[in-house]
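Biologist: I would like to learn how to read a protein model. Can you take me through one, feature by feature?

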Amino acid sequence: MVIKLYDLVAAEENRAFSPFCWRIRMALAHKNLEVKIIPWRLTEKEAIAFSNQETVPVIVDGNKGDKVVADSWNIANYLEETYPDKPSLFGSYEAKSQTMFIDSWNSSLLGILAPIVLYDVFENIDPKDQPYFRESRESFLGKSLEEFKDVTENQINNFQSFLEPLRNTISQQFFLAGETPNYADYLVFSTFQFARAMSPKKLLETSDPVYAWREKMLDLFDGIGRKNLGFN
C-alpha cells in the first residue's frame with residue numbers, strides 16, 4: 001500500500017511549489033515510504049473535501065486504513081509516531097524541540113521571501129487558478145499584485161541579512177542537523193524550493209554557503225528536488 005500526498009502544482013504538474021508540501025515530500029523520502037503524488041491546484045477544493053481542509057498538504061495513508069492527516073507539522077509527527085522503525089525525522093526529543101525553533105525562524109523567512117516572488121507565483125500558476133489567487137491575495141494584502149512586481153534593494157538586503165544564522169551554521173557543518181539531514185533541513189529547504197519552482201529571480205550567489213547547501217538538498221533521495229521544474 002502507498003501513502004497518497006495531495007501536492008500543490010502550478011500550470012505544469014511537475015512544477016510543485018508549496019513549501020508545506022515540499023517538507024512532507026522530503027519527510028516521506030527520508031522515511032523511505034512509498035508515496036503517490038496527487039497533483040492539486042488552488043481551485044480544486046472538492047478534491048480534498050474528504051479531509052475537511054481547503055489547503056494542502058493532505059495525506060491518505062493506505063498502510064493504515066486510508067488514515068487522513070492534514071497540516072505539515074501534524075503529518076511530520078504522524079509519520080514519526082506511526083513509522084518508528086523508519087529513519088527518524090528528528091533524531092531525539094531534544095532535537096525535535098530545536099526543530100520547532102527552526103520551524104518558527106523559517107516561517108519568518110518565508111514571510112520575507114513571499115512578497116519578493118509573489119508576482120512570479122501569479123504568472124506561473126495554472127491560468128484557472130489566477131482569478132482566485134488574485135482575489136484572495138489582494139484582499140488579504142490590501143494591494144494589487146502588480147505592486148509586488150518590482151522588488152526593492154531593501155527587500156533583497158533584508159532577505160540576505162535574515163539568512164546569516166543559516167549561513168553561519170552550514171558554513172561549519174554539512175546540514176542543519178549535522179552530518180546528515182533531518183526535518184530541520186527539510187523545513188528550510190522547502191522555502192527555497194518554493195522560490196526555485198516559481199521565480200526566475202537570482203536570490204543566491206554560487207559562492208554563498210546557502211547555495212552549496214541547497215544544491216546538496218536538491219540531490220537528496222535520487223534528486224527529487226532537482227527533478228521538479230525550477231528556474232535556478
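Modeller: We will go from domains to their interface, then to single residues. Keep in mind that this is a predicted model.

Biologist: Let me start with the domains. Into which domains is the protein chain divided?

Modeller: There are two entries to note. Domain 1 covers 3–82, and domain 2 covers 93–227. The C-alpha centres of domain 1 and domain 2 are 19 Å apart. In the contact, domain 1 takes part with 24 residues and domain 2 with 32 residues.

Biologist: What does UniProt place at residues 8–87?

Modeller: An unreviewed UniProt entry gives the feature "domain: GST N-terminal" for that span. In the model, residues 8–87 are 29% helix and 19% strand. The end C-alpha atoms of this span lie 26 Å apart.

Biologist: Now the interface. How much area do domain 1 and domain 2 bury between them?

Modeller: About 2400 Å². Carbon and sulfur atoms carry 68% of that area. Look at Arg23, Met26 and Trp73 on the domain 1 side. These residues supply 29% of the area that domain 1 buries against domain 2, more than any other three residues.

Biologist: How many residue pairs are in polar contact across the interface of domain 1 and domain 2?

Modeller: The rule finds 11 such pairs, with both residues at pLDDT 80 or more. Next, ask which helices face the partner. Both α1 (19–30) and α2 (72–82) supply at least two residues of the side of domain 1 that touches domain 2. Helix α1 gives the most, with 10 residues. By residue type, this side of domain 1 has 14 nonpolar, four polar and six charged residues.

Biologist: Charged residues make me think of salt bridges. What is the general idea?

Modeller: Side chains of opposite charge can pair when their charged atoms come close. By the rule used here, the count comes to 16 salt bridges. Three salt bridges are found across the interface of domain 1 and domain 2. Elsewhere in the list, Glu44 pairs with Lys128, with the closest N and O atoms 2.7 Å apart.

Biologist: Which side chain meets Glu80 in a salt bridge?

Modeller: That of Lys31, at 2.9 Å from N to O. Glu80 sits in helix α2, while Lys31 sits in the loop between α1 and β2 (35–40), so the pair ties together parts that are 49 residues apart in sequence.

Biologist: Trp73 came up earlier. Where does Trp73 lie, and what does Trp73 touch?

Modeller: Trp73 lies in helix α2. Leaving out residues up to four places away in sequence, Trp73 touches Phe90, Lys96, Thr99, Met100, Asp103 and Tyr183. Sequence distance and space can also be set side by side. Trp73 and Leu187 are 114 residues apart in sequence, yet 9.8 Å apart in space, C-alpha to C-alpha.

Biologist: Let me finish with the backbone. Which residues does a cis peptide bond join?

Modeller: Val56 and Pro57, with omega about 15°. Pro57 is in the loop between β2 and β3 (58–61).

Biologist: What is the phi of Phe221, and in which helix does Phe221 lie?

Modeller: Phi is positive there, about 55°, although Phe221 is not a glycine. Phe221 lies in helix α8, residues 209–227.

Definitions and conventions:
Residues are numbered from 1 along each chain as its sequence is written. This is a predicted model: local features need pLDDT of at least 70, side-chain atom pairs count only at pLDDT 80 or more; totals for chains, interfaces and linings use all residues. Side-chain values use heavy atoms; hydrogens and water are left out. Domain bounds come from an automatic or database domain assignment. Contact means heavy atoms within 4.5 Å. Buried area is the accessible area (1.4 Å probe) that two parts lose on being put together, summed over both. A salt bridge is a side-chain nitrogen of Lys or Arg within 4 Å of a carboxyl oxygen of Asp or Glu. A polar contact is a pair of N or O atoms within 3.5 Å; within protein, one must be able to donate a hydrogen and the other to accept it, and residues adjacent in sequence count only if both atoms are side-chain atoms. Helices (H or I, at least four residues) and strands (E, at least two) are DSSP runs, numbered from the N terminus. Ala, Val, Leu, Ile, Met, Phe, Trp, Tyr, Cys and Pro count as nonpolar, Asp, Glu, Lys and Arg as charged, and the others, Gly among them, as polar. UniProt positions are given in the numbering used here, feature names are shortened, and annotations may be inferred rather than shown by experiment.
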